[in-house]
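Me: I would like to learn how to read a few structural features with care, taking the general idea before the particular case. Could we work through one example together?

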Amino acid sequence: MFTLINTILIGLTSGSVYALMAIALVLVWRSTRVVNFAQAGQALLSTYIGFECIGRFHSFWVALIVAMILGAAVSALIEVIFMRTLFKRNTGPIAGVAPIIATLGLLGIIRGGIGIFMGGKEAIIRPPLSNVGFTVAGHTLAFSPFKLVIVSAVLVMMIGLSVVFTKTNIGLALRASAYAPEIARLAGVKVDAIRTLGWSIAGAAGAAAGMLQTPNGTGALSPDSLEFSLLLVFGFIAAVIGGLESLIGAVIGGLLLGLVLAVVLMYVNATLLFVTAFVLLIVVLLVRPQGIMGKKAGRRA
Amino acid sequence: MIGIVLFLVGNRVDELRVYEGATLAMYVVAIASIILLTGYSGQVSLGHGALLAIGGYSAVLARNYWSLPIWLCFAVAVLTAAAAGAVLGTAAARLSGPYLAGTTLALAVGLPSIANQFSFLGGEQGLLFDVGVPPNSLGADFSPYKWYFWIAASAALVMVWWLQNILRSRYGRTWRAVRGDEIAAQLAGIHAGKSKALAFTVSSGVAGLAGALLAMTIGTVSPSAFPLTLSFSLLTGAVLSGVTTLPGVMIGAVTLVATPEIAGAISHRLGNSGGVTTNLPGLLVSALLILVVMLIPNGPVEQLRSVRVRRNANIHR
Amino acid sequence: MTLIVNDLCVDHGAIRALDGVSMQVERGQLAAVIGANGAGKTTLLRTLSGLKSATSGSATWKDQNLLHSKPEKLVRFGVSHVSEGKSVIPELSVEENLNLGALWRRNAKESAETRVKIFETFPRLQERSAQLADTLSGGERQMLAIGRALMSKPDLLLLDEPSLGLAPLVIAQIFTSIRELTTQMGLTVVLVEQNAMSALEIADIGIVLNLGRVAAKGSAQSLIDNPQVRAAYLGY
């Protein structure tokens, strides 16, 4: 019985982190129609910054906020310096994929840079709250105060962002700039600035994902860490499951993925985690490519 | 023609260069596979490293378990990778842009780790690839590396020649039609899904060969031989070469071989710290990728061509 | 307050799309720009609204240079462009599309008032205000596009082929509305059209473009009466 509960709890917690990553990816997608693979690198960078901050300020929460702010700033910089130039000169046969390839290059640069400057350093981030499970009726649950924070943070973000996107003027501008930048321009929307805003928010979300996930896992931070690559991949899979168009979908996708993987972890075999995720991705793409929350089946770009 | 040049070069050049030559040939094949897939068929694969891995592992397994002659092992590599490509390609045919990119990325991240799960794949250490010694008929001091180089170079030549023909044939034209405008192509009677899947299959087979060549050159296969950065490097090489044209393929290959050298030289100047040495090559490649994509997205070959076209147009005014 | 275009030259790469175009539209006038496909009509509008940069020449409105500005800035200056074909965002609702035009004004009350006026002119839009723009018919989309442009409270309105793909009855409706709006709101309008007759009928002045050059200009009536124009563009 408790194994089941624990499985669900594990699934929800790790699912929330995937959801955060998925939110970052969906945000960039919805505001600029680019999937930013460098998100993982940015999250990594922000987390390292957070690590340094913990050293300075001795507070996880302050570090988290700083990491998010700087994550937003870095993201904005990347958008202004790289993406704008790219969008202007984007012609020719690889026009559709050039931004994607560019974000990959960025990922490589960030990782390489971090490796060079921080490679030898040992970086560990410990959870700020107790990560010891609650005890109920003598059994320890796989749920702790810290994990509770993670889940709540994701929920708050999701609700907040959804509201912004659908009910506010800025949200309208964000959506219009993504769907039809030329029309938005003709309507007076400052499309460039709006794009940068979208990327900033995504940068903050990615930073949060990195900062929250690291203490949740092993706590160790390193540039080649498979964890961050997996975070990106799982975040992407979560986004696809939920439908790249929808923030709510990103959360649902993340939680669903988390639950499925938790089941595999606890009941089947831990080594099959990646395969399961990949199979899930392929299945969703074949059966319902627009994702759970997606509306139009034809919308592939 | 190129073959004769290579033969002459191969005879006079020292061990390290020959080794690099073999690697060069491998890159040529690998980049060609991406040019086919992305440049001609318009599909982006971020995980070609995984296909190389499949090819490499199959070749090694064929050798170790069935003791097949080398050429047959290569053929096995090609076929296995092509089969994997067929499966992937059918699924991928329905995808586009970011979905395809993300899926292939997932593959690249996860596939090497699968090797760790199954013991017959050698786990983290990997498996050894014994290609055998060069035949006696070539003389006593024909070093193994020269032999590798010859094999790799000839394989590369054959493959490139074959690819050039395919790309010029109606298959190539079909792929380009689908890439240009899928709906228009369908209206012209082309079955877009089949065409894309076919491109994926062929590209994977070619990649498989590259993987086998890689295995031969470094003598082993292991998860660490096919890291994520390999996929990125290949993509960079392809973009550098001019993703839509085959002739430029040498440019990309040479860059990929030269970069670790250059990186090594730089890190040596900087004092050889561990962090720098491991990370600099990847960093340089990525930086190059961004620069090229931002500034000359069509590759230097196309860029030169279009400059010429513009000059001619101006003359007519 | 006049639109003065002087010797405007615009290139598409190696091709000269507009070659020395000069024209003048007085405040409150509706100018029809007609000509065959590829004559440069769309290029003209896109250059005036900031979507395309000119090679040489000048264009001023209210004594301010229009060239080499970003479209977003020109909107704030009172220039609204309804581009050819797809000028509505199908993924957004009708109301959202309209609101988009007024976002930059940041004045909710004023925007609401403008919206009311637009709904009065185009009651069909009000009926469908919550629906996705995707579900609208061609004529309704055109009304929405014009409505969106008007939400920015422009004084210079650029319309690119509003009749494209529409049935004759709908075209007549829309053109009547355009004429009414021009007079009611005191707009200055540049109307690009292939449907030359309908355009000239509601216009004050007309300009005929041919291969990037001005082939004829004058009052709309004079162009309608001009035998060469009649033969080439009006079909009789």
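**Reading helix packing and a sheet**

Reply: In this predicted model, the axes of helix H3 (residues 48–66) of chain B and helix H9 (residues 192–218) of chain B come within 6 Å and cross at roughly 60°.

Me: Which quantities describe two packed helices in general?

Reply: Two packed helices are described by the angle between their axes together with the distance between those axes. Angles from 65 to 115 degrees would count as roughly perpendicular and those under 35 as roughly parallel, and H3(B) and H9(B) are therefore classed as oblique to each other. The crossing of H3(B) and H9(B) is, in addition, right-handed.

Me: Which residues make the contact, and how many of them are nonpolar, polar or charged?

Reply: On the side of H3(B) the contact is made by His48(B), Leu51(B), Leu52(B), Ala53(B), Ile54(B), Gly55(B), Gly56(B), Ala59(B) and Val60(B), while H9(B) contributes residues including Ser204(B), Ala207(B), Gly208(B), Leu209(B) and Gly211(B). By class, the contact of H3(B) with H9(B) has 12 nonpolar and six polar residues, and no charged ones; glycine is counted among the polar residues in this scheme.

Me: Turning to chain C, what should I know about strand pairing, and in which order do the strands of the sheet lie?

Reply: Strands of a sheet pair through backbone hydrogen bonds, and they do so either parallel or antiparallel. In chain C, six strands form an open sheet in the order E6-E7-E8-E3-E9-E10, with mixed pairing. Strand E6 (79–82) and strand E10 (213–219) of chain C stand at the edges with a single partner strand each, so one side of each is left without a neighbour in the sheet. Averaged over the sheet and with direction ignored, neighbouring strands are turned by 15° against each other.

Me: Where in this sheet can I see a parallel pair, and where an antiparallel one?

Reply: For the parallel case, take strand E7 (residues 156–160) of chain C and strand E8 (residues 188–193) of chain C, which are joined by five bridges; here Leu159(C) stands opposite Leu191(C) in E8(C). For the antiparallel case, strand E9 (residues 205–210) of chain C pairs with E10(C) over six bridges, and Gly206(C) stands opposite Gly218(C) in E10(C). E9(C) and E10(C) form a hairpin with two residues between them, and Leu211(C) in the turn has a positive phi of about 50°.

Me: How does the radius of gyration of chain C compare with that of a compact globule?

Reply: With 236 residues, a compact globule would have a radius of gyration near 18 Å, and the 17 Å of chain C agrees with this.

Methods:
Residues are numbered from 1 along each chain as its sequence is written. Chains are lettered from A and ligands numbered from 1 in the order in which they are written. This is a predicted model: local features need pLDDT of at least 70, side-chain atom pairs count only at pLDDT 80 or more; totals for chains, interfaces and linings use all residues. Two strands pair if DSSP finds at least two bridges between them. Helices (H or I, at least four residues) and strands (E, at least two) are DSSP runs, numbered from the N terminus. Axes are lines fitted to C-alpha atoms, for helices over the stretch in contact, and angles run from 0 to 180 degrees between N-to-C directions. Angles under 35 degrees count as roughly parallel, over 145 as roughly antiparallel, 65 to 115 as roughly perpendicular and the rest as oblique. A crossing is left-handed if the near helix is turned anticlockwise from the far one by less than a right angle, and right-handed if clockwise. Two residues are in contact if their C-beta atoms, placed from the backbone, lie within 7 Å. The radius of gyration is taken over C-alpha atoms; the globule rule is 2.2 Å times the number of residues to the power 0.38.
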